[in-house]
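Let's take a walk through this one together, chain by chain, and then look at where the chains meet.

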Amino acid sequence: MIYGFGLAKGMGVTLKALVGPSFTVQYPDRRVGIMGAAKAAGISTPSLLFKHPIKALRAVLGFEHIAVMPTQSSRFRGNDFTWYEDRCTGCASCAKYCPLGIIKIVTLPGGINMQEGESYAIETFDIDTGRCMFCALCVEACPYDALHMGSEFERSNYVRMDLVLTKEDLIAAPKHPSTWFRPQMEEAGYSPFAEALEDMKKAGRHETPTVDELTQTWVKDRRTDEVVED
Amino acid sequence: MPLKTEPITINVGPQHPSTHGVFRMRVTFDGEEVIDVEPIFGYLHRGSEKLAESRTYTQIVTLTDRMDYVASMTSNLSFILSVEKLSGIDPSPRGVWLRMIAAELQRIASHLVATGFFLQDLGTLGTPLIYMMRERETILELFERLCGARITNSYMRPGGVFMDAPDDFWPALDRFLADMPHRIDEYEDLISGNEIVAVRCDGVAVVDSQTLIDASITGPMLRASGIDWDLRNRQPYEYYDRVKFNRPLATASDNYARYIVRIHEMRESLGIIKQCLEQIEPGPVRPESVPFLIRPPAGDSYVGTESPKGELGFYLVSDGGVAPYRCKVRAPSLINLTLLREMLIGDKLADLFVTFGSIDINMGEVDR
């Protein structure tokens, strides 16, 4: 073996990587040339030159950037939650199974959501995402598919209190649920990046539970179990 | 007249980039030679074992992610096997195969990180590290398709895995399996024959096999000294008795041997994944009968598994409740670290971090 042969072989690998394809992922935007700028604007390269000469010049000089969409799996557990108020019965399964206890639920009797045969109004539904570790056990525990992981991940804030997702925040947020632990969404071919899923009926394994279903699955089973003989 | 010299004591860490986390060594040097090392750890202690006593078995899976955070899948697997033994759950076959695929992918990812940072400590200025991070990125993307997270997976559940792999996972895995052998060849071309690496690593920090056995060292460190000890082969768990694989061995027990064993183990892991893909069959990924809240009968259990770093096992004691009475982790990172003093004494300052990197520890698992 000639001394230095191994070094030369290693140098060959790095030289190959020098001319090979780049693996760097540009985010949130990447630089484009004149053809890329024309493609992003949806017009041909000559028409870009005539219609937007300044833009074409910027592209030639390398100052033109286009936004890059993040590539993530549809099961991606984002930094966010999607919650359908009409599906939620306020049963607090999610709060119970959360390892950190960061979900706070307060319910009032006399609302629209059904739990154990009575109607409840959800007054508070707070998720403290500042302490959340996004393990998604709450999503796994939800019996009515009301709570889903979201797909958003750019949620940096200046104020720590803004990290607490309140009921109003959750209602107002665009609904892009992740398909984590939601096989019905995967079967339906739903992708959280293509469109929002505002219809709460499509989000669940079944329609909104009726009073009969609720009394059957929750109340009757539980009452027969809890008969205590003295 | 010779110069009058005296030993000098230096604190390395805890905030040192080469200590792979918050680890501190109080090193005494005589000139450039190490004459004493005192490892000090505990800076990352989060009390995971105590926290486990107040959580249900499913919730503890999230804690095991954060113990060895470059090999979460194997941590999950070890804990889940112990829970299954404790509560007598019979796992679904498809779930077991998926767990094996995930664990072997994680082994490759962990070895990539170990080798990359070992070479970084050697002074290769990042080229092999970036190459290996590139392939690790592919594995993490596979994990993201599988379970929605890259590092803190929480993928496995008692009885199997939480959900079947999506349809787009299998072609991506095939592409990875086709691509990865060329990548490993690339690493070997880059590093294995390199004369500088050989000069720096051959014969450095040699530990004889009897010392390793006496200190109960496991994993690639032990196999680099020629001892054929792999729990996947010696005490087969999961379906490791249904796949064929070699145990790469080296005899030199120096830094280069520890590196080359890891490189060869990656090839074996690829072979195991291919055999898993041949044998996996459709079916449920976890039995319907396993409840979300497990109450195992009173008793205890321990299952030793071969994590990328060595024997990892969870000793669980149950009193019949929803949470374990006691959870003790046999962490390979901590136990492999105990020979650090013997390995370093007599070496030069420049070999300090190289030797430390060759042990492949993870501070999250050392301190828990």
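What follows goes from chain B to chain A and ends at the contact between them.

Keep in mind that this is a predicted model. Start with chain B, which carries 15 helices and eight strands. Its C-alpha trace spans about 85 × 45 × 35 Å along the principal axes. How does that square with a compact globule? For 368 residues, the globule rule gives a radius of gyration near 21 Å, and chain B comes in at 21 Å, so the two agree. As for packing, 50% of the 368 residues of chain B count as buried. The chain also folds back on itself across long stretches of sequence: if you take the contacts between residues at least 6 apart, 70% of them join residues at least 24 apart.

Now over to chain A. Here you'll find 10 helices and seven strands. Out of its 230 residues, 29% count as buried. Look at contacts with a separation of 6 or more, and 70% of those in chain A come from residues 24 or more positions apart.

So much for the chains on their own; on to the place where they touch. The contact draws 25 residues from chain B and 25 residues from chain A. On the chain B side, α2 (57-65), α5 (127-147), α6 (169-192) and α7 (195-201) each put in at least two residues. The top contributor there is α5(B), with five residues. And what is that side of chain B made of? Its residues split into nine nonpolar, nine polar and seven charged.

Note on methods. Residues are numbered from 1 along each chain as its sequence is written. Chains are lettered from A and ligands numbered from 1 in the order in which they are written. This is a predicted model: local features need pLDDT of at least 70, side-chain atom pairs count only at pLDDT 80 or more; totals for chains, interfaces and linings use all residues. Two residues are in contact if their C-beta atoms, placed from the backbone, lie within 7 Å. Helices (H or I, at least four residues) and strands (E, at least two) are DSSP runs, numbered from the N terminus. Ala, Val, Leu, Ile, Met, Phe, Trp, Tyr, Cys and Pro count as nonpolar, Asp, Glu, Lys and Arg as charged, and the others, Gly among them, as polar. A residue is buried if 20 or more other C-beta atoms lie within 10 Å of its own, exposed if 12 or fewer, and partly exposed in between; C-beta atoms are placed from the backbone. The radius of gyration is taken over C-alpha atoms; the globule rule is 2.2 Å times the number of residues to the power 0.38.
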